[in-house]
Structures are given as C-alpha cells and as structure tokens.
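Student: I want to go through this model and test every label against its cut-off. Can we start?

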Amino acid sequence: MAVRRKTKSVQTVLKLFHNSHNAFSVVDLVEKFDGQMNKTTVYRILERLESEGLVHSFTDSQGLKWYAKCQDCTAHQHDDIHPHFQCKSCGKVVCLPDDYKSPELPNYQIEHVEVLITGYCPDCK
Ligand SMILES: [Zn+2]
Ligand SMILES: [Zn+2]
Ligand SMILES: [Zn+2]
C-alpha cells in the first residue's frame, strides 16, 4: 500500500488505544464497535495497525487474543517485549513497563516472546 490513507474506522480504533493504557481483547473490541463496523473489519484494522507498529498483540491464558498500544515501535519492528498482567477477578489486562530480558539461548533464534503474569490488580486485591 503506497498511500497511508487512514479510513474513519481505522481512526476510531486507533483513538480507543490512544486514550487507554489497558489492553483490549478481540471480543471487547468487536463488542465496542458493534453497530459501527463488523467483526471482519475490526480484525482487519487490528492486523493493519499491528503491521504498522501501532499496536501489539498477545494471547492470554484462555487463548484469547488481546491488543494494546505500542510505545516506540515502527512498522515490522516491534520493540515492546514486556510482560502483561491479567487480573483473575475483573479480567483486566495491562502492559507492564518492565523490560523483559530474554534468556541467552545459544544456537536458538528467538522470534517471539510472550510473558503473561496473572493475579489480582490493585482494584481487586
Ligand atoms: Zn509494538
Ligand atoms: Zn482486577
Ligand atoms: Zn503490552
């Protein structure tokens, strides 16, 4: 795609991420934009934002996909390897600011790291 044209739907999704520090699951997102855009559109927009380095995705303990805002990523280069925290009570997921140090694994090539910490958030503790 030569022209980086942002449709209204893309802007709407992007705005939600900019206004929140929380992550959103695909189920939340589809529900939030219900009536504005269909499921397929939401999925397509998320994929596009991820490939542009604007959001990152990860999977929770139930196998559900979540998306959250990136800090300083660029297209095709995500630098936000950090743990995520999921509250077992309210289900909220947040990005943890700590850098995750990958273990040194000689002879292995690490492509993707996912760390999910579960427990109770400050509101539910
Ligand atoms: Zn990223
Ligand atoms: Zn909670
Ligand atoms: Zn994150």
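Tutor: What follows takes the labels one at a time, with the values behind them.

Student: What kind of model is this?

Tutor: The model is predicted. The protein has three helices and six strands. Along the sequence they run α-β-α-α-β-β-β-β-β. The C-alpha atoms fill a box of roughly 40 × 40 × 25 Å along the principal axes. Of the 125 residues, 34% count as buried.

Student: Let's turn to the metals. Which atoms coordinate the zinc ion (ligand 3)?

Tutor: His56 (NE2), His82 (NE2), His84 (NE2) and Cys95 (SG) coordinate the zinc ion (ligand 3), at 2.0 to 2.2 Å. The donor cut-off is 2.8 Å. These distances fall within it, so the four atoms count as donors.

Student: Why is the site of the zinc ion (ligand 3) called tetrahedral?

Tutor: The angles among its four donor atoms are 104 to 113°. The label asks that all angles lie between 85 and 135 degrees. They do, therefore the site is tetrahedral. For reference, the ideal angle for four tetrahedral donors is 109.5 degrees.

Student: What spacing do the donors of the zinc ion (ligand 3) follow along the chain?

Tutor: The spacing is H-x25-H-x1-H-x10-C. His56 lies in strand S2 (residues 55-59), and His82 in the loop between strand S3 (65-69) and strand S4 (84-87), so this pair ties together parts that are 26 residues apart in sequence. Both His56 and His82 are buried.

Student: What makes S2 a mostly covered strand?

Tutor: Four of the five residues of S2 are buried. Each of those four has under 20% relative accessible area, because that is what buried means.

Student: How do you know that S2 and S3 pair?

Tutor: Pairing needs at least two bridges. S2 and S3 have five, in the antiparallel sense, so they pair. Ser57 stands opposite Tyr67 in S3. The two strands form a hairpin with five residues between them. In the turn, Gly63 has a positive phi of about 85°.

Student: Next, the zinc ion (ligand 1). Which protein donors does it have?

Tutor: Its donors are Cys70 (SG), Cys73 (SG), His78 (ND1), Asp80 (OD) and Asp80 (OD), lying 2.1 to 2.7 Å from the zinc ion (ligand 1). The limit is 2.8 Å, so these atoms count. Their spacing along the chain is C-x2-C-x4-H-x1-D. Both Cys73 and Asp80 are buried.

Student: What makes the site of the zinc ion (ligand 2) tetrahedral?

Tutor: The protein donors are Cys87 (SG), Cys90 (SG), Cys121 (SG) and Cys124 (SG), lying 2.3 Å from the zinc ion (ligand 2). The angles among the four donor atoms are 104 to 115°. They lie between 85 and 135 degrees, so the site is tetrahedral.

Student: Where in the chain do Cys90 and Cys121 lie?

Tutor: The donor spacing is C-x2-C-x30-C-x2-C. Cys90 lies in the loop between S4 and S5, and Cys121 in the segment after S6, so the pair ties together parts that are 31 residues apart in sequence.

Student: Why is Cys90 called partly exposed?

Tutor: Its relative accessible area is 43%. Partly exposed covers values between the 20% and 50% limits, so the label fits Cys90. Cys121 has 5%. That is under 20%, therefore Cys121 is buried.

Student: Now charges. Why is the contact between Arg48 and Glu52 called a salt bridge?

Tutor: The closest N and O atoms are 3.2 Å apart. The cut-off is 4 Å, so the contact qualifies. Arg48 has 17% relative accessibility, and Glu52 has a relative accessible area of 13%. The limit for buried is 20%, so both labels hold.

Student: How many salt bridges does the structure hold?

Tutor: Two. The side chains of Lys92 and Asp123 also meet in one, at 3.4 Å, N to O. This pair links distant parts of the chain: Lys92 in the loop between S4 and S5, and Asp123 in the segment after S6, 31 residues apart. Lys92 is partly exposed at 28%. Asp123 is exposed at 66%.

Student: How do you know that Tyr108 is exposed?

Tutor: Tyr108 has a relative accessible area of 63%. Exposed means over 50%, so Tyr108 passes. Tyr108 is found in the loop between strand S5 (93-95) and strand S6 (116-119). With Leu105 and Ile110, Tyr108 makes a nonpolar surface patch of about 320 Å².

Key:
Residues are numbered from 1 along each chain as its sequence is written. Chains are lettered from A and ligands numbered from 1 in the order in which they are written. This is a predicted model: local features need pLDDT of at least 70, side-chain atom pairs count only at pLDDT 80 or more; totals for chains, interfaces and linings use all residues. Side-chain values use heavy atoms; hydrogens and water are left out. Patches are made of residues with over 30% relative accessible area and no salt bridge: like charges are joined within 9 Å, nonpolar side chains (Val, Leu, Ile, Met, Phe, Trp, Tyr) within 5 Å. Accessible areas come from the Shrake-Rupley method with a 1.4 Å probe; for residues, only the protein chains shown count as cover. Buried means under 20% relative accessible area, exposed over 50%, partly exposed in between (1.4 Å probe, protein chains only). Donors are N, O and S atoms within 2.8 Å of the metal (3.2 Å for Na, K and Ca); water is not among the atoms, so sites may look incomplete. Four donors count as tetrahedral if all angles lie between 85 and 135 degrees; four count as square planar and six as octahedral if opposite donors are over 155 degrees apart and all others between 65 and 115; anything else is irregular.
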